[in-house]
Amino acid sequence: MEELLQVGVITQTHGIRGEVKVFPTTDDAARFRDLKHVLLDTGKETLPLEIENVKFFKQFVILKFKGFDNINDVEGYKRCPLLIERSEAVPLEEDEYFITDMIGMQVSTDSGEDFGVLKDVLTTGANDVYVIDRPSEGEVLIPAIKECILDVDIPGRKMTVHVMKGLV
């Protein structure tokens, strides 16, 4: 399992005082209010940053990091992910999982047939949709509802699904 979890991506600078506009990749953008530190993944290194101020604008989070007081200080960090350690993650409810823990999971049907590998999770308004890569048929979309997803075993990296009529 990944020890670092992505909570957002810097999209661009905001103003001239070192603030950045962040697209949140977490289910609850309000969690940024409680974050004191994040890790900036530059692609070459991971920099620990202290959050000085948090604001919200439309679907974005505006962050100000301590020690970054000028637009030139943050200009080079566009498209860089912001990470947190797993220990700082929001506690999960029953039947909730981190997407990063699910990608690559083996998927089988309730009849024991090997169905494929979980390739992606699409977040929609009603419920998530699991993209399962089947070697013989390509991608299959399975809704993440109790009628279809029977068991998710994160440590065992396995998922059991019921394929409803018409899905395949």
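This report describes the sheets, the nonpolar cores and the largest pocket of a predicted model.

**The barrel**

Six strands close into a barrel in the order β1-β2-β5-β4-β3-β6, and their pairing is antiparallel. Averaged over this sheet, and with direction ignored, neighbouring strands are turned by 50° against each other. One of the pairings in the barrel brings strand β3, residues 37-41, together with strand β6, residues 81-85, and these two antiparallel strands are joined by two bridges. Within this part of the barrel, L39 stands opposite L83 of β6.

**The open sheet**

Another six strands make up an open sheet, which runs β10-β9-β8-β7-β12-β11 and has mixed pairing. Its edges are formed by β10 (138-143) and β11 (149-153), and because each of these has a single partner strand, one side of each is left without a neighbour in the sheet. From one strand to the next, the twist averages 30°. Inside the sheet, strand β7, residues 106-109, pairs with strand β8, residues 114-122, in the antiparallel sense and over three bridges; here Q106 has V117 in β8 as its bridge partner.

The two strand pairs described above are set out in the table.

| Strand pair | Residues | Bridges |
|---|---|---|
| β3 and β6 | 37-41 and 81-85 | two |
| β7 and β8 | 106-109 and 114-122 | three |

**The nonpolar cores**

The largest nonpolar core holds 22 residues, and those touching the most other members are I10, V22, V38, L40, L63, F65 and L82. At least two residues of this core come from each of β1 (4-14), β2 (19-24), β3, β4 (46-57), β5 (60-65) and β6, strands that also appear in the order of the closed barrel. V38 can serve as an example: leaving aside residues up to four places away in sequence, V38 touches L47, P48, L49, I51, F65, L82, L83 and I84. Separate from this core is a second one of 16 residues, with L118, I132, I154 and V161 among them.

**The largest pocket**

The model also has pockets to consider, and the largest of them has a volume of about 1,100 Å³. Its lining is made by 37 residues, of which D27, L92, Y97, F98 and I99 are the closest to the centre of the pocket. Two or more lining residues are given by each of the elements β1, β2, β6, α2 (99-102) and β11. The lining therefore draws on strands of both sheets, since β1, β2 and β6 belong to the closed barrel, while β11 stands at an edge of the open sheet.

Terms used:
Residues are numbered from 1 along each chain as its sequence is written. This is a predicted model: local features need pLDDT of at least 70, side-chain atom pairs count only at pLDDT 80 or more; totals for chains, interfaces and linings use all residues. Side-chain values use heavy atoms; hydrogens and water are left out. Two strands pair if DSSP finds at least two bridges between them. Helices (H or I, at least four residues) and strands (E, at least two) are DSSP runs, numbered from the N terminus. Axes are lines fitted to C-alpha atoms, for helices over the stretch in contact, and angles run from 0 to 180 degrees between N-to-C directions. A nonpolar core is a set of buried Ala, Val, Leu, Ile, Met, Phe, Trp, Tyr and Cys residues joined through side-chain atoms within 4.5 Å. Buried means under 20% relative accessible area, exposed over 50%, partly exposed in between (1.4 Å probe, protein chains only). Contact means heavy atoms within 4.5 Å. On a 1 Å grid over the protein atoms alone, a cavity is a set of points where a 1.4 Å probe fits but cannot get out, and a pocket is an open set with protein on both sides within 12 Å along at least five of seven lines; lining residues have an atom within 4 Å of a point. Grid points are joined across faces, edges and corners, and a volume is the space filled by probe spheres set on the points.
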